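Me: I am new to this structure and would like a close look at a single part. Please take the salt bridges, and work through the partners and their surroundings in one connected answer.

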Amino acid sequence: MYSTVMSGQMTGMIGTMVQVEVDMSTGLPGFDMVGELGNEVKEAKERVKIALKNIGMVMPAMKVTVNLSPANLRKRGTGFDLPIAIGILQSMGKLEELGIEEDFLKQIFFVGELGLNGEIRPVNGVMPLIQTAKKAGISCFVVPKENEMEAGVVDQVEVYGIGDLQELLQFLMTGKEGFQTCSVPIMEEQLNEAYEDLDFCQVQGQESLKRAAMIAAAGFHHCLFIGPPGSGKTMIARRIPTILPPLSKEEALEISAIYSVAGCLDKEKGYVTKRPFISPHHGITETALVGGGLLPRPGALSMAHLGVLFLDELPEFHRTTIDLLRQPLEEKQVHIARANGSYTFPADVLLIAAMNPCPCGYYPDFQHCNCTEHQVRRYLGHVSGPILDRIDLVVEAPKMKLTELQKGQKGTSSAEMRERIAVARNRQKERFHEDKILFNGQLSAGNIEKHCKMTREAEETLKSLYQKMNLSARGYHRILKVARTIADLEDQDRIATEHVMEAICYRRANETYWRR
């Protein structure tokens, strides 16, 4: 007897519908599975056979053939266990005996891993997979109990979280009666979740760094802090998420889909409620940073999508690892090519980096620095010119003065900084309502002329400095984007000379350290 069940899988961040076909016929007993299968899918036949046996559904001695269609798509993951089991039960005639109609089964999408005891276990990527199936016209989904919260975030569908095969049979026999759908609407008030014990008022002094942090947060501009140890670089960087704009529903769904694929989504909440802050150790591998692997999955760069990627002690990362960020920072995506296909992961991040100016950390203070010129150059050389060209703000962090520490006065709070950023954010929202961008830092070269209008004096100033500072085209555009954000913070329509001058100041550190 032939049967078919709908399921699917994630290939990178792209969901694909997969039809599970099962045929049972007389002949030499056997269990064959075809359809370009990965090892974990091939192992499904053992999990399915034993799970069915342990719930009292012993498979007869017949020839069983399972095909996962389309056959030219590589199938991976353990999510096909459940649809294969349902297909076998239908082909055995067991579901018909229980009064379960075939037409009813064809309306349901199944996904889940099976334990040997019949338990339905969670799988990764359920949220974006349901979004794909919804576009294909499916509205009813059976998912593992632990995945029901993230599945319930998708609106206008019926989601049923089932714990084991016995419960699933009861669900099918009653035609959903007695089972409640899981719906998890995204609440806007939950999308501004506070970061505990982190506030800019805890930072004394370092007003220039706070100003740069506010500009970076307002326009989503990449920023590098450079200075001696203990100057507050990391302290300020870790507080930048407290002043970022709250997530929109669309952004929350986009980030949650990435975390779902990576298997890092909070099972109790079902979706991400605050902008990510990812701070990998400097020993991170290239694959862990940008993504990839045998079964490509998001790396730290994609996990920080629409949030902060903080690279502390930047020169301690391998230079090849840092240089892998060049293309993603420009294109806002990570492209991974493999023999069996290409994968694309989103990577629109706010890069915040911190570093010392030399191995000992005190250059150019020669009273405390004991590094040779060669050591300094070699250390700074770990950060290449193309990477620096992609960083909008390079800010020196001076050593803290004793008088600043002894005053004990609280600085500007995160709440006060958020109010000013909200002004700039509202202006950007109004400006870009017809574009597919949210922040000045996301402006492409083609849109800069349209959105970055300057006064005549500002144009002359920038033209003059372009020649003197030997700026690249990318550097020129980044100065304009930063100046646009500064003008937005001041609630100004046009970029003035003072905005351009301040934006240029944030590139002076390049001259001090890398162009000597």
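Reply: A residue counts as buried when its relative accessible area is under 20%, as exposed when that area is over 50%, and as partly exposed in between. The model examined here is predicted.

Arg-474 has a relative accessibility of 28%, so this residue is partly exposed. Its side chain meets that of Asp-389 in a salt bridge, with 3.5 Å from N to O. The pair links distant parts of the chain, 85 residues apart: Asp-389 belongs to helix α17 (residues 385-389), while Arg-474 belongs to helix α22 (residues 473-489). Asp-389 has a relative accessibility of 13% and therefore counts as buried. This bridge joins a partly exposed residue, Arg-474, to a buried one, Asp-389. The two also belong to one network, in which salt bridges that share partners join Asp-389 and Arg-474 with Glu-330, Arg-390, Asp-392 and Arg-478.

Another salt bridge is formed by the side chains of Arg-275 and Glu-251, at 3.1 Å from N to O. Here too the pair links distant parts of the chain, with the two positions 24 residues apart: Glu-251 is in helix α11, and Arg-275 is in the loop between α11 (249-262) and β11 (277-278). Arg-275 has a relative accessible area of 5%, so this residue is buried. Glu-251 is also buried, because its relative accessibility is 6%.

A further pair lies within one helix. Glu-207 and Lys-210 are both in helix α9 (residues 207-219), three residues apart, which is about one turn of the helix. Their side chains meet in a salt bridge at 3.5 Å, N to O. Glu-207 has a relative accessible area of 48% and is therefore partly exposed. Lys-210, at 3% relative accessibility, counts as buried.

These pairs are examples from a longer list, as the count comes to 29 salt bridges. Behind them stands a simple point: side chains of opposite charge can pair when their charged atoms come close.

For the setting, one strand and one pocket may be added. Strand β9 (residues 158-162) has four of its five residues buried, so the strand is largely enclosed by the rest of the structure. β9 runs parallel to strand β8 (residues 140-144), and five bridges join the two. In one of these pairings, Phe-141 has Val-159 of β9 as its bridge partner. The second largest pocket holds about 640 Å³ of space. Of the 30 residues that line this pocket, those closest to its centre are Met-10, Thr-11, Gly-12, Arg-76 and Leu-295. The lining divides into 12 nonpolar, 14 polar and four charged residues.

Notes
Residues numbered from 1 in each chain as written. Predicted model: local features only at pLDDT ≥ 70, side-chain atom pairs only at ≥ 80, totals over all residues. Heavy atoms only, no water. 1 Å grid on protein atoms, 1.4 Å probe; cavity = no way out; pocket = protein on both sides within 12 Å on 5 of 7 lines; lining within 4 Å. Points joined across faces, edges and corners; volume = space filled by probe spheres on them. Nonpolar A, V, L, I, M, F, W, Y, C, P; charged D, E, K, R; others polar. Buried < 20%, exposed > 50% of the residue type's maximum accessible area, 1.4 Å probe, protein only. Pairing = 2+ DSSP bridges. Salt bridge = Lys/Arg side-chain N within 4 Å of Asp/Glu carboxyl O.
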